[in-house]
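Reader: I would love a close look at one part of this model, the barrel and what packs against it. Could you walk me through it, starting from a single residue and working outwards?

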Amino acid sequence: MEEGKSYPEDVLEKLNGYAEKFGIKVGEAANKFHQWLKEEFMVEDPFSEDPFYLSQWCEQFVVETRNASAGRQRDTVTYVGMFVGTEDEPRDNRKSMHDKAMNMFRNNRDKAINDGLIGVLTAKEGKWCINGNATDERVNGSDLPWFGFEYNDMILCLLTNRDGKVKPVMPTSFSKAAYFLGSREGGSDIQMWRVNLQGKAMEANYTQWTATRIHVIEPTKAGADTLYTNNNFHETVEYTDSWLPENLRQAFSAERLLVNGKMHNEYVPLGELLEAHPERKITTANGMTLNPIVVTRGLVTYLNRDPMDSEYDPTGRSYRLQIYGQGVEPVTVWVSGTMHDRDNVFHYTDVNGNVRPYNEKTSVVVVGRLKLRPYQNEMQPSMSALGIYIPPRTARPAGGVGDTSLNQFRGE
């Protein structure tokens, strides 16, 4: 580390743990972290960065490198619980690096190239060249190499310095979050976990509201709530309650677990959402406020199955319903177009396995981001849903309660 400069305390704690694991000095661990920041995120001076992001980056550094010697598939531990929601869209973790490099390229092309941020790709003698230097990547028709992307009439790539050598990296690095209510197998500290998905695991469908066993990489920092995954995570998910004692399986059903404040701290009664927001919101080091994710329950008082135009939703549409409780004003729940299509949120599965639309006055459990907005000189809570569960025994079917299975069309 540079003389007179020091990382934040939580970063130093992670680096100390990293150094102990690999039997090196903490200064060497800090140098490796600094080099990793330059390679992955083009951070030249980490001491000038926001401490919030330094902490996030250090967590990634430790998780991604601590099992490097064990191969690409990192060691996992078993967690048990249930999936309760999924983000709509993946996030590009390399966007900041891409934007920084391209901004320099647009403003000063020569400097971006000479500083090793951007490479210009050309094809020569059947191989791709970066800034005139041949690579091992062969030209295959009109296909771009794995590291190339088009910009105007050029083909470019992002560059990074690894061990003193400038090498290309993929222009994007996507991940997506699923939300899991549970704990390490054998533990009792149930909480909401953010499961970081990557690769084909982002495209898989995960069954919600049922007992599940997953295999994940734990965070290194106490109190962190992100579980990391291998690329084959979706192939290792087990939908089973075999890990539960027989006498606890009823208590772990979705309608009981989600709203049981004695088993976890994620549930907030509908009438307490306004007070819960300032208590649970997350404030970053640069003053940014992140809305908390909570679980709440209410009766549907307004249900509009017709979409509304939305310039903010990637599908161009969103949906909403309102839920209320005794003595509680209705709370708006926003549903994205993607969630509507993926989760069939305006239907439920009854106790006989029939899929039915539900009506107003149905009890629903909502997992989502709690937000506040001003309205007539007051703050009102609303929810952006990540998951909506409809307990079948208390649902009110829309359009009657006749048989909706295929059995009705079969003869005796």
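**The barrel and its helix**

Author: Let's begin with His277, which is found in helix 8. Keep in mind as we go that this is a predicted model. His277 counts as buried because its relative accessible area is 8%, under the 20% limit. Leaving out residues up to four places away in sequence, His277 touches Asn291, Pro292, Leu370, Lys371 and Leu372.

The helix itself is a good next stop. Helix 8 covers residues 273-280 and lies across strand 15, strand 17, strand 20 and strand 21. Relative to strand 20, helix 8 runs at about 75°.

Now for the strands beneath that helix. Five strands close into a barrel, in the order 15-16-17-21-20, and their pairing is mixed. From one strand to the next, the twist averages 45°. As a general reminder, strands of a sheet pair through backbone hydrogen bonds, either parallel or antiparallel.

Strand 20 is a handy place to follow the pairing. On one side, strand 15 and strand 20 run antiparallel and are joined by seven bridges. Gly298 has Val364, in strand 20, as its bridge partner. On the other side, strand 20 pairs with strand 21 (residues 378-389) in the antiparallel sense, over eleven bridges. Along that pairing, Gly368 stands opposite Ala385 of strand 21, and Pro374 has Met379 of strand 21 as its bridge partner. The hairpin formed by strand 20 and strand 21 has two residues between the strands, and Gln376 there takes a positive phi near 50°.

Staying with strand 20 (residues 363-375), let's look at Val365, which lies in it. Val365 is buried, since its relative accessible area is 1%. Setting aside residues up to four places away in sequence, Val365 touches Leu258, Val259, Val295, Thr296, Arg297, Gly387, Ile388 and Tyr389. For a sense of scale, Val365 and Ala123 are 242 residues apart in sequence, and their C-alpha atoms are 56 Å apart in space.

Strand 17 gives us two more residues to visit. Thr332 is found in this strand, which spans residues 328-336. With a relative accessible area of 11%, Thr332 is buried. Its side chain makes a polar contact of 3.2 Å with the side chain of Gln322. Beyond its neighbours within four places in sequence, Thr332 is in contact with Arg320, Leu321, Gln322, Pro381, Ser382 and Met383.

Val335 also lies in strand 17. Val335 is buried, at a relative accessible area of 1%. Not counting residues up to four places away in sequence, Val335 touches Ser318, Tyr319, Leu321, His340, Val345, Ala385 and Ile388. The C-alpha atoms of Val335 and Asp136 are separated by 47 Å, with their positions 199 residues apart along the chain.

Leu321 turned up among the contacts of Thr332 and again among those of Val335, and that leads us to the core. In soluble globular proteins, nonpolar side chains tend to be buried together. Here the largest nonpolar core has 26 residues, and Leu321, Ile323, Tyr358 and Ile388 touch the most other members. Helix 8, strand 15 (293-309), strand 16 (317-325), strand 17, strand 20 and strand 21 each supply at least two residues of this core. Apart from it lies another core, of 24 residues, with Trp209, Trp243, Tyr267 and Tyr389 among them. Ile388 and Tyr389, one named in each core, are both touched by Val365.

Leu321 deserves its own contact list. Residues up to four places away in sequence aside, Leu321 touches Val300, Tyr302, Leu303, Val331, Thr332, Val333, Val335, Phe346, Tyr358 and Ile388.

Finally, let's step back to the whole chain. The chain has nine helices and 21 strands. Its 412 residues include 42% that are buried. Of the contacts between residues at least 6 apart in sequence, 63% join residues at least 24 apart. The C-alpha atoms fill a box of roughly 75 × 55 × 50 Å along the principal axes. The accessible surface comes to about 22,500 Å², and 45% of that belongs to carbon and sulfur atoms.

Definitions and conventions:
Residues are numbered from 1 along each chain as its sequence is written. This is a predicted model: local features need pLDDT of at least 70, side-chain atom pairs count only at pLDDT 80 or more; totals for chains, interfaces and linings use all residues. Side-chain values use heavy atoms; hydrogens and water are left out. Helices (H or I, at least four residues) and strands (E, at least two) are DSSP runs, numbered from the N terminus. Buried means under 20% relative accessible area, exposed over 50%, partly exposed in between (1.4 Å probe, protein chains only). A polar contact is a pair of N or O atoms within 3.5 Å; within protein, one must be able to donate a hydrogen and the other to accept it, and residues adjacent in sequence count only if both atoms are side-chain atoms. Contact means heavy atoms within 4.5 Å. Two strands pair if DSSP finds at least two bridges between them. Axes are lines fitted to C-alpha atoms, for helices over the stretch in contact, and angles run from 0 to 180 degrees between N-to-C directions. A nonpolar core is a set of buried Ala, Val, Leu, Ile, Met, Phe, Trp, Tyr and Cys residues joined through side-chain atoms within 4.5 Å. Accessible areas come from the Shrake-Rupley method with a 1.4 Å probe; for residues, only the protein chains shown count as cover.
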